[in-house]
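Here is a friendly walk through one structure, from its nonpolar cores to a loop with some unusual backbone angles. Have the sequence and the 3D view at hand as you read.

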Amino acid sequence: DFYVHRQSDVDEVFAWDHLHFGTDKKDLLADWIKGINETDEPSQSINKDCSNFPENLTTEKSDNVSITKVRLRFSKKGTGKFISHMEQVDVFRRAIRRSGIPATWSGSNYRQLKASYSPPLPLGYESVSEYIDLNMTKKMPLLEIKEAVEKNLPQQFKLLDVKHAPLSFPSLVSLANLAEYTVEGSGATQDDIDRLWGCDTIMVKKIKLNKTLDFDAKPFIKEIKIENAQLKLLIYLNQAKTVKPDLILKALLPNKNPAAFLIERSGLFIETRDGIRHML
């Protein structure tokens, strides 16, 4: 109990201080204080005797410290499909700043919104499954957040849902590992799917940095099916490599141009190792 439960001074020599793993005690202390400052009630967790804390560290909660996180789900339709991912980030940065909600911003000269975004959507695709995890300095009713942000968005964007998310959650890019795409106007049949799926490999050509790469897309495809007269593709997302639906459509329908189809990202999921699928 003496070692585990008593309050310790930060300048005390601990039993493990002779072990070094590349991070010094000062950095660990700063990280600990940061974690305390992100809680709702830091006074219940922090050591009240802070007289020995280094001068450059503070236990007071900053006005720009995240205490909560909300997840915004939105759609991008019409001419919005020609807005790139980085332009989309800028759209929401401006909309959230104009909305006046208590979002968390970086303290640099070029202020950045503290948020994470869903995996980039290929240019030319519509979506009803785009997400932003937004850090906030104060709690606020979800409906008020939705109304404040939505009225500052361009008409191509519509806010579909706002919900709470754990403050310590990983980024959306690292969480989402499966995407569903809905294709209208392809005219694909079950025979087309069976022919493609019966191949040992599905070779596609991908242009990257002015180089044409040939690779097998089949390991990235979970499922191709026809549902409610629409073609649906379930494609695995990987931060290192993935495959765009139009490349799969070229292999599925070699005599048609995928640019003539309406492609929409209709879902983003977290698929666990046991195959259970959760929507973001």
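## A loop between two strands

Let's begin with Asn228, which sits in the loop that links β8 and β9. This is a predicted model, and in it Asn228 has a positive phi of about 55 degrees, although Asn228 is not a glycine. Most residues other than glycine have a negative phi. Is Asn228 buried or exposed? With a relative accessibility of 69%, Asn228 counts as exposed.

Ala229 is also found in the loop between β8 and β9. Its phi is near 65 degrees, again a positive value in a residue other than glycine. Ala229 counts as exposed because its relative accessibility is 78%, and the cut-off for that class is over 50%.

## The largest nonpolar core

Now to the interior. In soluble globular proteins, nonpolar side chains tend to be buried together. Here the largest nonpolar core has 34 residues, and those with the most contacts inside it include Tyr181, Ile224, Leu231 and Leu252. Two or more residues each come from α5, β5, α6, β8, β9, α7 and β10. Which element gives the largest share? That is α7, with 5 residues.

Tyr181 is a good residue to click on. Leaving aside residues up to four places away in sequence, Tyr181 touches Leu121, Pro122 and Tyr125, as well as Leu231, Leu233 and Ile263, among others. Its contacts also include Lys232, Glu264 and Arg265.

## A second core

Apart from the largest core lies another one, of 24 residues. Among its members are Ile96, Leu134, Leu153 and Val162.

Definitions and conventions. Residues are numbered from 1 along each chain as its sequence is written. This is a predicted model: local features need pLDDT of at least 70, side-chain atom pairs count only at pLDDT 80 or more; totals for chains, interfaces and linings use all residues. Side-chain values use heavy atoms; hydrogens and water are left out. A nonpolar core is a set of buried Ala, Val, Leu, Ile, Met, Phe, Trp, Tyr and Cys residues joined through side-chain atoms within 4.5 Å. Buried means under 20% relative accessible area, exposed over 50%, partly exposed in between (1.4 Å probe, protein chains only). Helices (H or I, at least four residues) and strands (E, at least two) are DSSP runs, numbered from the N terminus. Contact means heavy atoms within 4.5 Å.
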